[in-house]
Amino acid sequence: MSTYFDTAETRSADERANAIARDLPMQIAAAQRLPGYASLADVDAASVTSPGALAALPVLRKSDLVAGQQAAAPFGGLTTLPVSGFAHVFQSPGPIYEPGGTGHDWWRMGRFLHACGIGKGDIVQNCFGYHLTPAGMIFENGARAVGAAVLPAGTGQTELQARAAHDVGVTAYAGTPDYLKVILDKAEEMGLGLRITRAAVGGGALFPSLRQEYVDRGISCLQCYATADLGNVAYESPAMEGMIVDEGVIVEIVTPGTGLPVKPGEVGEVVVTSLNPDYPLIRFATGDMSAVMEGTSPCGRTNMRIKGWMGRADQTTKIKGMFVRPEQVAALVAKHAEISKARVIAQREGEMDVMIVKIESADGSGEHYLPSVVDLLKMKGRIEIVPPGSLPNDGKVIEDLRSYD
């Protein structure tokens, strides 16, 4: 097996930038022709030639997908093919409907499976769900792209899973991180020897202790970051230093509640633009938090890396009976040029909710910002001025310290 899935993984920065400058305007123009992208009507597609240029475009959120699909079922006017033009139609919780294709690596999962060392001669036990939701087909499509055979196991029926893994001679696992251990333990209990040496996991947390247990059992386990809407977004390589962004998407990290990019290295919300011509999602906000890592992976893949999943961006919190949203905190920062960052903290004092607003600013006093806090956050709060750069780099703009025990 070759080291890399294709030559795109090892492109120079200039080669990748030139490819984006060619492909991104065409994707924006294609989206503009779709009824679901009225928000892009006034955009000059030819000028959107880099990830930085995307920042001027509106963000598309899950709530927008739900609303759009209610108005124009089932895909909200966001696909370039009719419903019958896709191989599959999926339904995720919401409900949200997603299209699926069976063309070569349509979900771009082959790149990840190749990085896991899975390819021709392997038999993959695919324990992702096949019913309604797309994860099973996403990984099956990736297995086809690398030439591996698939045992479409789905979820549950662990004793049958263990028996099938033994009888078929399964060599690789695809599924959530913890379910592999369930199968291994059941096989051991049944006295069945398994040949699994590689695992491609996603959809849950891969804790270091669990990964080490797999290593101790002779299994190399790598994880990816994928969504039902986008397919694969980023993936680990054997170097296991962050997650490498897939070549078929453009990833931005933005301040929660805004579409504005964070400073390099800061934690923010993952926003993805897909270059899939059948389903051109433009600046799709995943709701997940991450951060960009400096440099490139030691494995030789040259695309941008992110740190993986670091929490959820939707930090909306009810304080004193009122919801405070990340967008409101962002508006407070935007209103005052001298504010570099702000953080709302909800806590209890006695039996009362208290809102503390910590503001990074070299100028002004708490009283100076009180009118803006009341106007934008819709309630009074205790304002604390802190030095620039002193608030944690964790992507949080709202923090709830109240105990609910």
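Nine strands form an open sheet in this predicted model. Their order is β4-β3-β5-β6-β7-β8-β9-β14-β13, and the pairing is mixed. The chain that carries the sheet is divided into domain 1, residues 13-312, and domain 2, residues 317-400. Two helix pairs are also described below.

**The sheet**

- Strands of a sheet pair through backbone hydrogen bonds, and the pairing is either parallel or antiparallel.
- The sheet here is open and has mixed pairing.
- Its edge strands are β4 (149-152) and β13 (292-293), each of which pairs on one side only.
- Inside the strand order, β9 is followed by β14, and β14 by β13.
- Strand β9 covers residues 243-245 and strand β14 covers residues 305-306.
- β9 and β14 pair in the antiparallel sense, over two bridges.
- Opposite Met243 stands Ile306, a residue of β14.

**Helices α6 and α7**

- Two packed helices are described by the angle between their axes and the distance between the axes.
- Helix α6 spans residues 179-190, and helix α7 spans residues 208-216.
- Their axes come within 11 Å and cross at roughly 40 degrees.
- Because of that angle, α6 is oblique to α7.
- The crossing in which α6 passes α7 is left-handed.
- On the α6 side the contact is made by Leu180, Lys181 and Leu184, and on the α7 side by Leu210, Glu213 and Tyr214.
- Sorted by class, this contact has four nonpolar residues, two charged residues and no polar ones.

**Helices α8 and α9**

- Helix α8 is made of residues 326-335, and helix α9 of residues 366-377.
- The two pack at an angle of about 145 degrees, and their axes are 9 Å apart.
- α8 and α9 have a right-handed crossing.
- From α8, the residues that meet α9 are Gln328, Val329, Ala331, Leu332 and Lys335.
- Their partners in α9 are Ser372, Val373, Asp375, Leu376 and Leu377.
- By class, the contact of α8 with α9 has six nonpolar, two polar and two charged residues.

**The two domains**

- The C-alpha centres of domain 1 and domain 2 are 35 Å apart.
- Where the domains meet, seven residues of domain 1 are in contact with eight residues of domain 2.

Note on methods. Residues are numbered from 1 along each chain as its sequence is written. This is a predicted model: local features need pLDDT of at least 70, side-chain atom pairs count only at pLDDT 80 or more; totals for chains, interfaces and linings use all residues. Side-chain values use heavy atoms; hydrogens and water are left out. Axes are lines fitted to C-alpha atoms, for helices over the stretch in contact, and angles run from 0 to 180 degrees between N-to-C directions. Helices (H or I, at least four residues) and strands (E, at least two) are DSSP runs, numbered from the N terminus. Angles under 35 degrees count as roughly parallel, over 145 as roughly antiparallel, 65 to 115 as roughly perpendicular and the rest as oblique. A crossing is left-handed if the near helix is turned anticlockwise from the far one by less than a right angle, and right-handed if clockwise. Contact means heavy atoms within 4.5 Å. Ala, Val, Leu, Ile, Met, Phe, Trp, Tyr, Cys and Pro count as nonpolar, Asp, Glu, Lys and Arg as charged, and the others, Gly among them, as polar. Two strands pair if DSSP finds at least two bridges between them. Domain bounds come from an automatic or database domain assignment.
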